[in-house]
Amino acid sequence: MLNTIPEIISNQKTFFKAQNTKDVSFRISLLKKLKQEIISREKDIFKALHSDFKKPSFEAFLSENGLVIAEINLAIKNLKSWSKPERVKSSVLLFPSKDYIYKSPYGTVLIIGPWNYPFQLAINPLIMAIAAGNTVVLKPSELTPNTSELLAEMVKHIFPKDMATVVQGGVEISTELLKQHWDYIFFTGSVSVGKIVAKAAAKHLTPVTLELGGKSPCIVDDTINLKLTAKRLVWGKFFNGGQTCIAPDYLIVKSSIKNDLIDALKNEILKAYGDAQNSADYPKIINHKNFIRLTQLLKDVNIAFGGDYNAEELYLAPTLIDEPPLDSEVMKDEIFGPILPILSYDTEDDIASIIQHFNKPLSLYVFSKNKRFIEDTIDKFSFGGGVINDTLIHYGNANLPFGGIGASGIGAYHGKFGFDTFTHFKAIVKRGNWYDPPFRYAPYSKRNFKLIKTLFKWFS
Ligand code: NAD
């Protein structure tokens, strides 16, 4: 018989308390098994992703399997050193002492995943949660049932059942999970659900990472290589059918080159996908609800390219929109689909007034050869992370933290940042007994007060 949610959590807490996840070699052996499982089931993963939303295997490898294997390799290679107590410089004021940071897992972690990169965005946080010594309940998206089922099978096959479990289901199950007392919650998804998660976590003061979304701008000035810029923009915007949290949501283009850029974008779209409806390289919209939401955004706007769709196939063409007003539907919320609004600017103040109209974005992109403009832009705006002269690729470097700021998220992960996210840093001072400086003890003398002040002045 299947366990209830409270039973699953209680079993995981017991497993954790028994120190079953303590042994670093044991964690490494599980990560090695997981890696083998992902490699040997590569075709099953591709098939599940294709059944869920026609994701091409090429994109699946690049954005799901490949990234996950790289993350596991990094964890396997570094886990022994990451998890060791780290000696830090002591303070003369604590003399004699040796000071350390001990790395402790939080305990039982809830991971809730979205549908758009359903394998990678579920497994990547799980890798580092396990690497750090936690137990994990993973709730993948209900909108990608084939991938979620496969995830459940794989996790069941690799991990002791009280160490990692997949719980499948939609909002009801998610709500039930969020009522429980977790030691950490890692959520990837929309801003609105992020707020629900934060509220539920607050009840038990559970720490959270929220990987959310938002409208990520892309600025294009008039110093660029037009063809290369258009090629990279088309790749970044229409990868995964435009259903990427860090896709450039809209362009802000120097008005003098806007028409040339639109022509170059059209060319690149045709080169990449030809007849996009029948292209094996172009995924479909995830479900009917999102399809309707996206097609509604095309009302009352000036479509410069694309705009055709087919409800039965959940197909929406790569679409360019020319100068939608800031209060139009397409400019209100994150688009999360293959629609690219193109706004124009004349002055840098125009750019600021557009970007600052929205919440702090997850990503920001700049295409320019002007170093001053690039540095000013990085400095001026608040955003999660970004790329100069390309899109999306910052996600692929595990030496960079990935996360948002403000409404686009709280916290970050990837590589060592992921290990640290799932780790509590215990500060430990080991005091020596061979000498006991007498100054701090009562009764406090004027002489010792002076001495303490001098010590602070010299050594702090
Ligand atoms: P979503 O917020 O609708 O769903 C995410 C998860 O939350 C799912 O597992 C779902 O079952 C659960 N959920 C949905 N409604 C809930 C509720 N009322 N209470 C509790 N749980 C609930 O997001 P989505 O549609 O799966 O993904 C799209 C969003 O995710 C976009 O906004 C995108 O920008 C964002 N996203 C962010 C990142 C990132 O790394 N920052 C990555 C991918 C997607």
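Me: Before we get to the pockets, what counts as a pocket here, and which residues count as lining one?
Reply: A pocket is an open set of grid points with protein on both sides within 12 Å along at least five of seven lines, and its lining residues have an atom within 4 Å of a point. Please keep in mind that this is a predicted model.

Me: OK, so how many residues line the largest pocket, and which lie nearest its centre?
Reply: The lining of the largest pocket consists of 45 residues, and those nearest the centre are Gly-189, Ser-190, Val-191, Ser-192 and Val-193. Two or more lining residues come from each of α7 (171-178), β6, α8 and α11 (288-296), with α8 giving the largest share at 5 residues.

Me: How much space lies in there?
Reply: The largest pocket holds about 1,400 Å³ of space, and its lining residues divide into 17 nonpolar, 17 polar and 11 charged.

Me: And where does it lie relative to the domains?
Reply: The largest pocket lies between domain 1 (2-212 + 409-424) and domain 2 (217-401), because both of them give residues to its lining.

Me: Back to α8 for a second, what does that helix lie across?
Reply: Helix α8, which spans residues 191-203, lies across β6 (184-188) and β7 (208-211), and the helix runs at about 175 degrees to β6.

Me: Which sheet are those two strands in, then?
Reply: Both β6 and β7 belong to an open sheet of 6 strands with mixed pairing, in which the order is β5-β4-β3-β6-β7-β17. The edges are taken by β5 (164-166) and β17 (409-410), each of which has a single partner strand, so one side of each is left without a neighbour in the sheet.

Me: How does β5 pair with β4, parallel or antiparallel?
Reply: The pairing of β5 with strand β4 (residues 135-139) is parallel and runs over 3 bridges, and within it Leu-138 stands opposite Val-166 of β5.

Me: Switching topic, what about the second largest pocket, how much space is in that one?
Reply: About 510 Å³ of space lies in the second largest pocket. Its lining has 16 residues, and the closest to the centre are Leu-2, Ile-8, Lys-156, Thr-165 and Val-166, so Val-166 of the edge strand β5 turns up again here.

Me: Which elements give residues to that lining, and which gives the most?
Reply: The elements that each give two or more residues are α1 (5-17), α6 (145-158) and β5, and α6 gives the most, with 4 residues.

Me: And how do its lining residues divide by type?
Reply: The lining of the second largest pocket divides into 9 nonpolar, 3 polar and 4 charged residues.

How values were computed:
Residues are numbered from 1 along each chain as its sequence is written. This is a predicted model: local features need pLDDT of at least 70, side-chain atom pairs count only at pLDDT 80 or more; totals for chains, interfaces and linings use all residues. Side-chain values use heavy atoms; hydrogens and water are left out. Two strands pair if DSSP finds at least two bridges between them. Contact means heavy atoms within 4.5 Å. Axes are lines fitted to C-alpha atoms, for helices over the stretch in contact, and angles run from 0 to 180 degrees between N-to-C directions. On a 1 Å grid over the protein atoms alone, a cavity is a set of points where a 1.4 Å probe fits but cannot get out, and a pocket is an open set with protein on both sides within 12 Å along at least five of seven lines; lining residues have an atom within 4 Å of a point. Grid points are joined across faces, edges and corners, and a volume is the space filled by probe spheres set on the points. Ala, Val, Leu, Ile, Met, Phe, Trp, Tyr, Cys and Pro count as nonpolar, Asp, Glu, Lys and Arg as charged, and the others, Gly among them, as polar. Domain bounds come from an automatic or database domain assignment.
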